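Visitor: Please take me through this model one question at a time. I would like the reasoning before each answer.

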Amino acid sequence: MLSVREKYWRYSLFVLIAGLGLTIFAELTPFLGGLLGAVTIYVLLRRQMWFLSERRRWRRSLAASLLLGEAIFFFLVPISLIVWMVVDKIQGVALDPQSVITPVRHVAELIQQKTGYDLWSESNLQSVLGYLPRAGQWLVGGIVNFAVNLVVLLFVLYFMLIGGLRMETYCREILPFDRRAARSVMREIHMIVRSNAIVIPLLAVSQGVVAYVGYLAFGVPEPLFWGVLTCFATILPIVGTALVWLPLAAYMSLDGNWGQGVGLVMYGTLVVTQVDNLVRMVMQKKMADVHPLITIFGVFIGLSLFGFMGVIFGPLMLAMFVFCVNVFKRRYLDGLPDRELFQPGGRSGG
């Protein structure tokens, strides 16, 4: 039985760890995107790092530098170019308000002709003009935040590759499970992160290409830009892409191009949306055996907590919650022995 002094030491240490941990987490919140991005890319590159350092006997610093270059070329450069394209478009709107006022006025006139309701009032115009400077400030802040998190990602990723095996061993040892359960938890984390990190970019590219073809076919202006926006919209399951093609179809219909507008709605509903649902569910179910509802609700939870990287870590967090509930149920409610806790029926996504 613990003495009063030993209890005091134990609880004081716990409070100290919890307090310092919460303080550090709060201060690191602005860099959370870079930290989570580093974890994601590390999970994708860890096998290559093991092959180069253990099988080929490369120096870990050399292998980490090579893989860092691979991450920059295959992951960060394409993402940066896409983000810069969208930012440049938004910046052009912020610097030239007339470029957005003209189409808005045109839409307002079309709505007035069709419904008799005047959207182009003085108060509405002042609201639009007052929002543009704030949009410009948000844009500048977003660029700075993206650049800082990119530097954090590269810095953290390099040291994670250098000390990855020790880091994984340490994390596995501090988990509140026995050795076998801890290995199952680590496998679960790796599979879910790899699943989301691979499926989401592939899904975004496929959705963007399919939508781009539709935009070209139905005469949407600037189809490449809207195709890129459709890529980003795929982070929202089920309804994400509709946030792009549905307003475009409505605009074309109001502009008198009813045939093209209706055709775009049908194409978006029957092709774009179905490709989204089918590819997302099939690929993630195949790669990680995660229930589709965990993926869908996990994305919504993750976006509110972690921002863009929540599309990966939201489903991970929800899957780990279900995993821990299953462990508790099978161990303490069903009374299964330890050797049967992690049979195939006990997986979180099963």
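Visitor: Which residue's side chain meets that of Arg60 in a salt bridge?
Guide: A salt bridge is a side-chain nitrogen of Lys or Arg within 4 Å of a carboxyl oxygen of Asp or Glu. The side chain of Arg60 has such a contact at 3.7 Å, N to O. The partner is Glu54.

Visitor: What pLDDT must side-chain atom pairs have to count?
Guide: Residues are numbered from 1 along each chain as its sequence is written, and side-chain values use heavy atoms, with hydrogens and water left out. This is a predicted model in which totals for chains, interfaces and linings use all residues, local features need pLDDT of at least 70, and side-chain atom pairs count only at pLDDT 80 or more.

Visitor: Is Glu54 buried, partly exposed or exposed?
Guide: Buried means under 20% relative accessible area, exposed means over 50%, and partly exposed lies in between (1.4 Å probe, protein chains only). Arg60, with 24%, falls in the middle class. Glu54 has 30%, so it counts as partly exposed.

Visitor: How many salt bridges does the structure hold?
Guide: Side chains of opposite charge can pair when their charged atoms come close. One pair is Arg60 with Glu54, and another is Glu168 with Arg46, at 2.8 Å, N to O. The number of salt bridges in the structure is 2.

Visitor: How many residues apart are Glu168 and Arg46?
Guide: The side chains of Glu168 and Arg46 meet in a salt bridge. This pair links distant parts of the chain, with Glu168 in helix α6 (residues 164-174) and Arg46 in helix α2. Their separation in sequence is 122 residues.

Visitor: Is Glu168 buried or exposed?
Guide: Its salt-bridge partner, Arg46, is partly exposed at 24% relative accessibility. Glu168 has a relative accessible area of 7%, so the class is buried.

Visitor: How many helices and strands does the chain have?
Guide: Helices (H or I, at least four residues) and strands (E, at least two) are DSSP runs, numbered from the N terminus. Read along the sequence, the pattern is α at every step. The count is 12 helices and 0 strands.

Visitor: What share of the 350 residues is buried?
Guide: Leu44, in helix α2, is one buried residue, with a relative accessible area of 15%. For the chain of 350 residues, the buried share is 33%.

Visitor: How far apart are the C-alpha atoms of Leu44 and Val193?
Guide: Leu44 lies in helix α2. Along the chain, Leu44 and Val193 are 149 residues apart. In space, their C-alpha atoms are separated by 8.4 Å.

Visitor: How many residues of α1 are buried?
Guide: Helix α1 covers residues 4-28 and reaches 36 Å from its first C-alpha to its last. That is close to the expected 36 Å, where the expected span is 1.5 Å times one less than the number of residues. The helix is hardly covered: among its 25 residues, the buried count is 0.

Visitor: Which helix supplies the largest share of the nonpolar patch?
Guide: Patches are made of residues with over 30% relative accessible area and no salt bridge; like charges are joined within 9 Å and nonpolar side chains (Val, Leu, Ile, Met, Phe, Trp, Tyr) within 5 Å. The nonpolar patch includes Leu13, Ile24, Phe31 and Val148, and its residues have about 800 Å² of accessible area together. Both α1 and α5 (122-162) supply at least two residues. The largest share, 6 residues, comes from α1.

Visitor: In which helix is Arg183 placed?
Guide: Arg183 belongs to a positive surface patch with Arg179, Arg180 and Arg187. Arg183 counts as partly exposed because its relative accessibility is 38%. Its helix, residues 179-217, is α7.

Visitor: What is the phi of Arg57?
Guide: Most residues other than glycine have a negative phi. Arg57 sits in the loop between α2 (32-55) and α3 (60-95), and is exposed, with a relative accessible area of 65%. Although Arg57 is not a glycine, its phi is positive, at about 60 degrees.

How values were computed. Areas by Shrake-Rupley, 256 points an atom, 1.4 Å probe, with all protein chains shown as cover. Lys, Arg positive; Asp, Glu negative; His and termini not counted. Charge placed at Lys NZ, Arg CZ, Asp CG, Glu CD.
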